[in-house]
Amino acid sequence: MQPHDSQNPHGPVVAGDLSIQVDTDMCTGAATCMAIAPKAFHVSPGEKAIILDSVSEAERTTIIEAARSCPTNAIIIKDSSGKQIYPA
């Protein structure tokens, strides 16, 4: 599993009309994002979530659902205009 951007594995990353970023200060590595959107996120044991190079293969709704599943709201999603979609 390769990060989308090895220099910035937590984003921001543009996938379709979404900008996705993982707030590493808030991420606890619970891995609910990976369970819901395995093409978008990966969490190694004891690590923070990274955004995968296969993120563009994940459905928009699945990425948003993964963000909503995060117990600490560490996944920030914005639309193409820069408006924050999640957390609202």
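**An open four-stranded sheet and the helix across it**

In this predicted model, four strands make up an open sheet, arranged in the order β1-β2-β5-β6 with antiparallel pairing. The two edges are taken by β1 (13-15) and β6 (84-86); each has a single partner strand, so one side of each is left without a neighbour in the sheet. From one strand to the next, the twist averages 35°.

A good place to begin a tour of the sheet is the pairing of β2 with β5. These two strands run antiparallel and are joined by five bridges. Within this part of the sheet, Gln21 is found opposite Ile76 in β5. For readers following the side chains along a strand, it helps to recall that in a regular strand they alternate between the two faces of the sheet.

Moving on towards the edge, strand β5 (residues 75-79) also pairs with β6, again in the antiparallel sense, over two bridges. Lys78 has Gln84 of β6 as its bridge partner. The hairpin of β5 and β6 has four residues between the strands, and Gly82 in this hairpin adopts a positive phi near 95°.

The sheet also has a helix for company. Helix α2 (residues 60-69) lies across β2 (18-22), β5 and β6. Relative to β5, helix α2 runs at about 140°.

Helix α2 also takes part in the one salt bridge that the structure holds. Side chains of opposite charge can pair when their charged atoms come close. Here the partners are Arg60 and Asp17, whose closest N and O atoms are 3.0 Å apart. Because a salt bridge calls for a side-chain nitrogen of Lys or Arg within 4 Å of a carboxyl oxygen of Asp or Glu, the contact between Arg60 and Asp17 at 3.0 Å qualifies. The pair links distant parts of the chain: Arg60 belongs to helix α2, whereas Asp17 sits in the loop between β1 and β2, and 43 residues separate them.

How accessible are these two partners, and what are their relative accessible areas? Arg60 is partly exposed, with a value of 37%. Asp17 is likewise partly exposed, its relative accessible area being 35%.

Definitions and conventions:
Residues are numbered from 1 along each chain as its sequence is written. This is a predicted model: local features need pLDDT of at least 70, side-chain atom pairs count only at pLDDT 80 or more; totals for chains, interfaces and linings use all residues. Side-chain values use heavy atoms; hydrogens and water are left out. Two strands pair if DSSP finds at least two bridges between them. Axes are lines fitted to C-alpha atoms, for helices over the stretch in contact, and angles run from 0 to 180 degrees between N-to-C directions. Contact means heavy atoms within 4.5 Å. Buried means under 20% relative accessible area, exposed over 50%, partly exposed in between (1.4 Å probe, protein chains only).
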